[in-house]
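Got your viewer open? Load the model, switch to cartoon, and keep the selection box handy. We'll go stop by stop.

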Amino acid sequence: MITIIVKEIVGSNAISMNSGNKLREKIVKNWDADSKIRIDFSGVDVFASPFFNASIGALLKDKKIEDLQNKLEFHSISNHGRKLLNLVISNALKFYSDKDGKTNSSLTEIKKEL
């Protein structure tokens, strides 16, 4: 099993997209190995959706949810972190399955109103 220690990459706060990109790069680098990837969140205290959007959610652009479930193992993640991760995955699945572009259309409309 390959272990990625998140704290070594981002410190104790997993909040920014930049940090999420760093984790995603490590995951992608190890994706083709024959073993599972354990993502160890020991020592990570704070989570935010941009981190998970850029790291795990972005993987769903090119990967199936079943592939993620079979390949990734999340270790020592707090209840709050797990809930946020599950929400991001759910949103990413909806976003990347939107073949009609309704999500992008809605975002464009929101931006116009701002």
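## The whole chain

Start with the surface on: the accessible area of the protein comes to about 7,200 Å², and carbon and sulfur atoms account for 48% of it. Keep in mind that this is a predicted model. Buried residues make up 32% of the 114 residues.

Now go back to cartoon and colour by secondary structure. You should find six helices and five strands, and reading along the sequence gives the pattern β-α-β-α-β-β-α-α-β-α-α. For the contact-map view, take contacts between residues at least 6 apart in sequence: 80% of them join residues at least 24 apart.

## Stop one: the first strand

Select residues 2-5, which is strand β1. Which residues sit on its covered face, and which on the uncovered one? I2 and I4 are on the covered face, while T3 and I5 are on the uncovered one. That fits a general habit: in a regular strand the side chains alternate between the two faces of the sheet.

Add β3 to the selection. Four bridges join β1 to β3, and the two run parallel. To line them up by eye, use I2, which stands opposite I37 in β3.

## Stop two: the nonpolar core

Show side chains as sticks for I27, I39, F41, F52, I56 and L72. These are the residues with the most contacts inside the largest nonpolar core, which has 25 residues. The elements giving two or more residues to this core are α1 (6-10), α2 (17-30), β3 (37-40), α3 (49-55) and α5 (79-96). Colour α5 separately, as the largest share, five residues, comes from there.

Next, centre on I56. What does I56 touch, leaving out residues up to four places away in sequence? The list is I27, I39, L68, L72, F74, L85 and I89.

## Stop three: the aromatics

Select F41, F47, F51, F52 and F74, which form one aromatic cluster. A search of the whole structure finds five aromatic pairs, and two are worth a close look.

First, F41 and F74. Their rings are stacked, 6.4 Å centre to centre with 25° between the planes. F41 lies in the loop between β3 and β4 (46-47) and F74 in strand β5, so the pair ties together parts that are 33 residues apart in sequence. F41 is buried, with a relative accessible area of 1%.

Then move to F51 and F52. This pair is edge-to-face: 5.3 Å centre to centre, with 70° between the planes. Buried or exposed? F51 counts as buried at 0% relative accessibility, and F52 counts as buried at 0% too.

## Last stop: the salt bridge

How many salt bridges does a search of the whole structure find? It finds one. Select E73 and R38 and put a distance label on the closest N and O atoms: they are 2.9 Å apart. E73 lies in strand β5 (residues 72-75) and R38 in strand β3, so this pair ties together parts that are 35 residues apart in sequence.

Turn the surface back on before you leave. E73 is partly exposed, with a relative accessible area of 24%, and R38 is partly exposed as well, at 25%.

Definitions and conventions
Residues numbered from 1 in each chain as written. Heavy atoms only, no water. Core = buried A, V, L, I, M, F, W, Y, C linked by side-chain atoms within 4.5 Å. Buried < 20%, exposed > 50% of the residue type's maximum accessible area, 1.4 Å probe, protein only. Contact = heavy atoms within 4.5 Å. Salt bridge = Lys/Arg side-chain N within 4 Å of Asp/Glu carboxyl O. Phe/Tyr/Trp six-rings, centres within 6.5 Å; stacked < 30°, edge-to-face > 60°. Areas by Shrake-Rupley, 256 points an atom, 1.4 Å probe, with all protein chains shown as cover. Pairing = 2+ DSSP bridges.
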